[in-house]
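Dear colleague,

I am handing over the structure that I have been reading, and I would be glad if you kept it open while you go through my notes.

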Amino acid sequence: MNKFLLEILVPIVMVSLSVWPAKAQRPIIQTKFTADPAPIVINDTVFLYTSHDEDDAFGFKMQNWLLYTSTDMVNWRDHGVVASLKDFKWVNTDNGAWAPQVAQRNNKYYMYVPMPGFGIGVLVADNPYGPFKDVLGKPLIKNSSDDIDPTVFIDDDGQAYLYWGNPNLYYVKLNNDMVSYSGAIIKDPQLAKVKGQPDPYHYQEGPWVWKRNGRYYLSYASTCCPEGIGYAMSSSPTGPWEYKGMIMDGDKRSSGNHPGIIDYKGQPYVFGFNYAILKQNMSKHYERRSVCVEKLTYNPDGTIQKLPFWSKNVDQVGTLNPFLRTEAETMAYSEGLKTDVQVEWERHIPWDKGRKVSEKIFLSSINNGDFLQVKGVDFAQGATSLDVSVAGLNGGSIEFHVDRIDGPTIAKVDVLDKAEGDVWKTISVPVKKIKGVHDLYIVFKGEKELFYFDWWKFHAK
Ligand code: FUB
């Protein structure tokens, strides 16, 4: 090695490596703070239910549960709030909407949610978008101060189990109606914390149970704090469990974690969360978390390969069809944007809101330079024109770039007139030559808060 390499280059590289942060994953939702991911695959779509950290949270400030969907694992559509603490008449707090999970059975969707101090409630809906209703009018589980983080597993023989708990793990057999149970609530003897006794499982909270090739898996937020994701395996859904190690170690960049595990289009995934979006803006620790997802790999003996702490974004599985109406709140990544909801009520008398007629989710808080990225958009043989639906405020423009944020502009929409607040209008513009699959960058330009943006759609050649 020559003198230059030895005395100058190597020390520079060493110092750089020690101060540069490890490679980090971009959280999959940027318009809100989300935690406690609970994914479920329904037909060809991933439904991702999450808890919701408010933008001004210091500690936990959690009032409702959110839903996102995807058919390609990278572009996620925001469906807003699907349930809230207000859905439970017997819960008189506006904080405590902790980790949810939704299960599907009997053509119904059951959302199990913990509200610390009140127990675990269950909401039921006829479709996965809701509305979810409290059919019991009381907690499903009110057993101990450990009653948080419910997870449901339905075995091949149809028996459903509900597991939950921090710092101990409990389970009970659910009845076929999914809103009642039979038999005793069991405190898992192996994972129970006993003072002065070793704790080989390092179980903390957030259990998630599933079955693969005849083997049962129990993963959970492990060690505290920071929490990683640990797991154990068994030949039965109720144990005994054999501790198998960590799927992901805890990391000093995070304090919590919370697994949600699915297979989608033949690929296993693990969801969890980090604090990356909060940390972009401040060094302080507040409970403003962001859901992440990473590919999971099984070894031939069924054990799981350990992952570094949220390091890689997953690949897109499929493409997005731009010739169908795409909600503007569908994105792989965004900066500066929020989403909002407009609810239309059927009013019979001015003071009675009556029945909800429609709910529109749209992009808001749009300012100069904000943008969103939609990945893998398949323009096929090309597009002739583009429609967008926007409403009011101060006006500005929307530029549609391909491949990079400053890549070729294929369409530009000027939102000229300052329409009143929520008057929605559709604007059509021509589209430049474009073929095949491209990432689309939708970039906003103008002064002050520009407009609201509901949807976009290209017309095929
Ligand atoms: O999000 C509130 C609580 O923090 C959850 O219930 C736990 O799993 C932890 O993520």
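A polar contact is a pair of N or O atoms within 3.5 Å; within protein, one of the two must be able to donate a hydrogen and the other to accept it, and residues adjacent in sequence count only if both atoms are side-chain atoms. Please bear in mind that this is a predicted model, in which local features need pLDDT of at least 70 and side-chain atom pairs count only at pLDDT 80 or more, while totals for chains, interfaces and linings use all residues. Residues are numbered from 1 along each chain as its sequence is written, and side-chain values use heavy atoms, with hydrogens and water left out.

I begin with the ligand. A polar side-chain atom of Asp 149 lies 2.5 Å from an oxygen atom of the ligand, and polar side-chain atoms of His 258 and Arg 289 lie 2.8 Å and 2.9 Å from an oxygen atom of the ligand, respectively. The protein covers 97% of the 280 Å² of accessible area that the ligand has on its own (accessible areas come from the Shrake-Rupley method with a 1.4 Å probe). The residues around the ligand, each with a heavy atom within 4 Å of it, include Asp 36, Phe 60, Trp 98 and Glu 205.

Next come the salt bridges, of which the structure holds 19, each being a side-chain nitrogen of Lys or Arg within 4 Å of a carboxyl oxygen of Asp or Glu. One of them joins Asp 126 to Lys 108, with 2.8 Å from N to O, and this pair links distant parts of the chain, since Asp 126 sits in the loop between strands E7 and E8 whereas Lys 108 belongs to strand E6, 18 residues apart (strands, E, are DSSP runs of at least two residues, numbered from the N terminus). Asp 126 is exposed, with a relative accessible area of 57%, whereas Lys 108, at 31%, counts as partly exposed (exposed means over 50%, buried under 20%, and partly exposed in between, with a 1.4 Å probe and protein chains only).

Asp 249 forms a salt bridge with Lys 306, the closest N and O atoms being 2.7 Å apart, and these residues are 57 residues apart in the chain. Asp 249 is partly exposed at 34%, and Lys 306 is partly exposed at 49%. Finally, Arg 325, Glu 327, Lys 360 and Asp 454 are linked in a network of salt bridges.

With best wishes

Methods
Helices (H or I, at least four residues) and strands (E, at least two) are DSSP runs, numbered from the N terminus.
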